[in-house]
Amino acid sequence: MFSADLRAATWSEHQNAESTAYLDALMRGQLTLGQYGDMVAQHYFAYLVLEEAARAMRTDPVGAAFAIPELDRVPALEADLTYLYGATWAERIAPNPATVRYCARLREVCFDWPGGFVAHHYTRYLGDLSGGQFIRRSVARIYGLTDNGVAFYDFPELGDLQEFKTRYREALDTAPWSGEERGRIVAETLVAYQLNTEVLADLGAAVGPVADRAA
Ligand code: HEM
């Protein structure tokens, strides 16, 4: 099954992304709410491009199965940014250097290569529906948030998330890709993980050594 092969071939990169100092500090409650907001801002720039690509892919015979409008995150990100940065959020955020590289790669491969689009789509949305749900619970508990500030992790239009992920994996398994194309998609997914890890590394560098908020 391609979905299982893709996961197996990229899981070590997943561990790299998951274990970045920034996410580790976030999950341990060592960051300020503003430092959490910095990640939300970086997400915003990447999802703007990814969801522009999704709109382009809705008429593609292969890409359309993945470009599901109910996944769109930009409206939730705008709501979270308004909560975290105030009404003038748009003037107060900027992409970090890794996000600039990430967005350039998204523009390069997601608009006219359905496999490239799926590689980046899978890396973000299946992550948001998996580890993202852990992140949501921790962040909500640490900062005392209910909906405001964590709307990004809520998918009210998707129904049961486990069932959705099962259908998503079926779409990966039934897409008409040759073995060679599947190999290219695995390679692009590794790139997607790498770029996400670099964004988190830039966020970690901006935070510097962390103080334990609980101390
Ligand atoms: C605190 C950080 C994270 C934790 C605790 C975490 C945890 C997990 C867990 C437990 C799963 C398996 C869920 C399942 O089998 O249904 C998963 C899947 C996944 N995660 Fe993460 N994750 C984290 C960060 C990330 C990041 C930063 C990315 C990418 C940028 C990511 C991308 C993915 C993807 C694509 C999957 C789906 C793998 C598959 O089943 O094919 N995760 N994550």
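In the predicted model, helices α1 and α9 are roughly perpendicular to each other, since their axes cross at roughly 100 degrees, a value inside the range of 65 to 115 assigned to that class. Helix α1 spans residues 2-18 and helix α9 residues 161-174, and the two axes come within 7 Å. On the α1 side the contact is made by Phe2, Ser3, Leu6 and Arg7, which meet Arg169, Leu172 and Asp173 of α9. By character, these contact residues comprise three nonpolar, one polar and three charged.

Two residues of this helix pair, Arg7 in α1 and Arg169 in α9, also belong to the ligand surroundings. The ligand is surrounded by 20 residues, of which Arg7, His14, Tyr122, Lys165 and Arg169 come nearest. An N or O atom in the side chain of Arg7 is placed 2.6 Å from a ligand oxygen atom, and for the side chain of Arg169 the corresponding distance is 2.7 Å. Tyr122 contributes a polar side-chain atom that lies 2.5 Å from an oxygen atom of the ligand.

A second helix pair is formed by α3 (residues 33-57) and α10 (residues 179-207), which pack at an angle of about 150 degrees with their axes 11 Å apart. Angles over 145 degrees count as roughly antiparallel, and α3 and α10 are therefore roughly antiparallel to each other. Their crossing is right-handed. Gln35, Asp38, Met39 and Gln42 of α3 meet Val199, Leu200, Leu203 and Val207 of α10. The residues of this contact divide into five nonpolar, two polar and one charged.

Conventions
Residues are numbered from 1 along each chain as its sequence is written. This is a predicted model: local features need pLDDT of at least 70, side-chain atom pairs count only at pLDDT 80 or more; totals for chains, interfaces and linings use all residues. Side-chain values use heavy atoms; hydrogens and water are left out. Axes are lines fitted to C-alpha atoms, for helices over the stretch in contact, and angles run from 0 to 180 degrees between N-to-C directions. Helices (H or I, at least four residues) and strands (E, at least two) are DSSP runs, numbered from the N terminus. Angles under 35 degrees count as roughly parallel, over 145 as roughly antiparallel, 65 to 115 as roughly perpendicular and the rest as oblique. Contact means heavy atoms within 4.5 Å. Ala, Val, Leu, Ile, Met, Phe, Trp, Tyr, Cys and Pro count as nonpolar, Asp, Glu, Lys and Arg as charged, and the others, Gly among them, as polar. A crossing is left-handed if the near helix is turned anticlockwise from the far one by less than a right angle, and right-handed if clockwise. A residue is near a molecule or strand if one of its heavy atoms lies within 4 Å of it. A polar contact is a pair of N or O atoms within 3.5 Å; within protein, one must be able to donate a hydrogen and the other to accept it, and residues adjacent in sequence count only if both atoms are side-chain atoms.
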